[in-house]
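User: Please examine one part of the structure shown below closely, namely its ring pairs, and then follow the account outward to the elements around them. A single connected answer in formal terms would be preferred.

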Amino acid sequence: MAKTKVFISFDYDHDERLKDFLVGQSKNPDSPFELADWSIKEAIDIRWKDKARSRIRSVDVVAVICGEYTDSATGVSAEVKIAQEEGVPYFLLKGYSNVTCVKPKAALSSDSIYKWTWENLKALIGGGR
């Protein structure tokens, strides 16, 4: 069975280690997903957005890792907006259990931030939202 291809969107300045945790989970023997790509750390210009759009178009789902400052991460909001425009499903993961995690500005008011557990992650990647 083919694994679900996931793009990871995260705040490079504050949450890069969370991305590393998700990379580690993708390597679990029972992982239903593979990481196709993740956020691009470059200045946001038309070229950056074109690269991000191309990468997001090539995946099945976008996992948005939310931390304490995600609402000020312009790259994360841009990636969420691209996913919305391209019709690529996305979900928001609460990156930390001990701090308030916030949505990117481009997230919809109806978007929930889900607790990051292995069972939730597998369900979210499988379309359970």
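Analyst: Rings of Phe, Tyr and Trp, the last represented by its six-membered ring, are taken as a pair if their centres lie within 6.5 Å; planes under 30 degrees apart count as stacked, over 60 as edge-to-face, and the rest as tilted. The model examined here is a predicted one. A search of the whole structure by this criterion returns two aromatic pairs. One of them joins Phe-10 and Tyr-12, with 4.6 Å from centre to centre and 45° between the planes, which makes the pair tilted. Phe-10 has a relative accessible area of 2% and is therefore buried.

Phe-33 and Trp-118 form a tilted pair as well, with a centre-to-centre distance of 6.3 Å and an angle of 50° between the planes. This pair connects distant parts of the chain: Phe-33 belongs to strand β2 (residues 33–38) and Trp-118 to helix α4 (residues 118–125), 85 residues apart. Both Phe-33 and Trp-118 are buried.

Trp-118 leads to the rest of its helix. The buried residues of α4 are Trp-118, Leu-121, Leu-124 and Ile-125. Viewed down the axis of α4, these buried residues fall within an arc of 130°, so they line one face of the helix. Gly-127 follows α4 and has a positive phi, near 105°.

Asp-13 offers a contrast with the buried Phe-10. Asp-13 is situated in the loop between β1 (4–9) and α1 (16–26), and its relative accessible area of 59% is the reason why it counts as exposed. The C-alpha atoms of Asp-13 and Arg-53 are 21 Å apart, and the two residues are separated by 40 residues along the chain.

Strand β1 leads in turn to β3. The two strands run parallel and are joined by four bridges, with Ser-9 opposite Val-64 in β3. On its pairing with β4, β3 again shows the parallel sense, over five bridges; here Ile-65 stands opposite Leu-93 in β4. Six of the six residues of β3 are buried, so the strand is largely enclosed by the rest of the structure. The cover extends to both faces of β3, since Val-61, Ala-63 and Ile-65 on one side and Val-62, Val-64 and Cys-66 on the other are all buried.

Helix α3 (residues 74–86) is in contact with these strands. What covers its buried residues includes β1, α2 (46–57), β3 (61–66) and β4 (90–94). The buried residues of α3 are Gly-75, Val-76, Ser-77, Ala-78, Glu-79, Val-80, Ile-82 and Ala-83. The helix has 13 residues and spans 18 Å from its first C-alpha to its last, close to the 18 Å expected at 1.5 Å a residue. Just after α3, Gly-87 adopts a positive phi of about 70°.

Cys-66, in β3, raises the matter of disulfides. A disulfide is a covalent bond between the sulfur atoms of two cysteines. With a cut-off of 2.5 Å between sulfur atoms, the count is zero disulfides. Cys-66 takes part in no disulfide, the nearest cysteine sulfur being that of Cys-101, 7.0 Å away. Cys-66 has a relative accessibility of 0% and so counts as buried. Cys-101 is likewise in no disulfide, and its nearest cysteine sulfur is that of Cys-66; at 12% relative accessibility, Cys-101 also counts as buried.

Methods: Residues numbered from 1 in each chain as written. Predicted model: local features only at pLDDT ≥ 70, side-chain atom pairs only at ≥ 80, totals over all residues. Heavy atoms only, no water. Buried < 20%, exposed > 50% of the residue type's maximum accessible area, 1.4 Å probe, protein only. Arc of directions from axis to C-beta. Expected span 1.5 Å × (residues − 1). Contact = heavy atoms within 4.5 Å. Pairing = 2+ DSSP bridges.
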